[in-house]
Amino acid sequence: MEQNKRRRAHALLLLTAIIWGSAFVFQKFATEELSSWFITAARFTVAAILLWAITFRKWGRLDKGYLLGGLITGLTMGIGTAVQTVGLTIGTTPGKSAFLTAVYCVIVPFFYWFVSKEKPLKNHIVAAVLCLIGIGLISLNKDMSIMPGDILTLVGGMIFAGDLTAIAWFSKGRDPMLLTMLQVTFSAVIGWIGTLATRGLPTSISLGAMGNVMYLALFSTGLCLFLQAYGLKHTDATVGTILLSLESVFGVLFSVLLYKEVVTPKMIVGFTVVFVAVLLSQFRLGEGKKAEKT
């Protein structure tokens, strides 16, 4: 029975990675008509409503700790998503965005060091160096310049690293679904503030754009939160993280299939190096056991 749960968990985590990978393409399509802040606001609003309906019986447990955690993680998730979406708006392809965003996996141990005083391990340092090499192969042009969209995507990845660090810190002793509900809610608020402060509400939305946003909200955000929570509960954290990291690989595959992205040999090498760095960041070197997920 336990083995069946583990296999089911692995399948659901793989499905989560597939959906997250496909989301980069739908996010790119949505930016062709809608502003980055509005996309962020709309997707998290729909997801928040779903989470309200599921968690409302637990609201009596909310306290200042939950609210502070929800505010900080919502701030980082909302801003990180908007910055990532802006990167897609100004030139980054879905495939490049998937791998450049994945750098958060390598950065988290260093961010967590500041809040927990737990020093990064040898593999984290090696992974960081490899990741920098991979980023150079993916983004640097012949004249050593880098596109603004790639820079913003990397910034978004760093913000996501801060988000995961905050989640790891504030989730201690708290119900993860309640914290996630507040995180998504505050992300929606951040999105609406950004929307009203910039381009404002769209005057019209086509069915295609609405479909792209609903896919991001219902599947990439709402459904995947549940799949991720169930999957990580019934398998080893390292195995789960590795399965979820396949998001970047599926991001490239969907970008080639749906967005018709052209992937050069140099980019393929860069993608491979970054993926190896992400995998390496999940293990201890020379200590005979896997590293715990932060």
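This report looks at how some helices pack in a predicted model, and at two empty spaces among its helices.

## Before we start

Because this model is predicted, local features need pLDDT of at least 70 and side-chain atom pairs count only at pLDDT 80 or more, while totals for chains, interfaces and linings use all residues. Residues are numbered from 1 along each chain as its sequence is written, and side-chain values use heavy atoms, with hydrogens and water left out.

The helices here are DSSP runs (H or I, at least four residues), numbered from the N terminus.

## H6 beside H12

Let's begin with helix H6 (122–139) and helix H12 (residues 265–280). Their axes (lines fitted to C-alpha atoms over the stretch in contact) come within 8 Å and cross at roughly 165°, on a scale from 0 to 180 degrees between N-to-C directions. That makes H6 roughly antiparallel to H12, the word for angles over 145 degrees. Contact means heavy atoms within 4.5 Å. On the H6 side, the residues in contact include Val126, Leu130 and Ile133, and on the H12 side they include Met267, Phe271 and Val274. By class, this contact has 16 nonpolar, four polar and one charged residues. Here Ala, Val, Leu, Ile, Met, Phe, Trp, Tyr, Cys and Pro count as nonpolar, Asp, Glu, Lys and Arg as charged, and the others, Gly among them, as polar.

The crossing of H6 and H12 is left-handed, meaning that the near helix is turned anticlockwise from the far one by less than a right angle.

## Two more helix pairs

H12 also meets helix H4 (94–101). The axes of H4 and H12 come within 10 Å and cross at roughly 30°. That makes H4 roughly parallel to H12 (angles under 35 degrees). Gly95, Lys96 and Phe99 in H4 touch Met267, Phe271, Val274 and Phe275 in H12. This contact divides into five nonpolar, one polar and one charged residues.

H6 has another partner in helix H5 (104–116). H5 and H6 pack at an angle of about 135°, with their axes 9 Å apart. The two are therefore oblique to each other, the term for angles that are neither under 35, over 145 nor from 65 to 115 degrees. Val106, Pro109 and Phe110 in H5 meet His124, Ile125, Ala127, Ala128 and Cys131 in H6.

## A pocket lined by nonpolar residues

Rolling a probe the size of a water molecule over the atoms shows where empty space is left. On a 1 Å grid over the protein atoms alone, a pocket is an open set of points with protein on both sides within 12 Å along at least five of seven lines, and lining residues have an atom within 4 Å of a point. The second largest pocket has a volume (the space filled by probe spheres set on the points) of about 180 Å³.

Which helix gives the most to the lining of this pocket? H6 does, with four residues. H5, H6 and helix H7 (148–170) each supply at least two. The lining has 10 nonpolar residues, no polar and no charged, and Phe110, Ala128 and Leu154 are among them.

## A closed cavity

A cavity is a set of grid points where a 1.4 Å probe fits but cannot get out. The largest cavity has a volume of about 60 Å³. Its lining includes Thr101, Tyr104, Leu244 and Glu247. By class, the lining of this cavity has five nonpolar, three polar and one charged residues.
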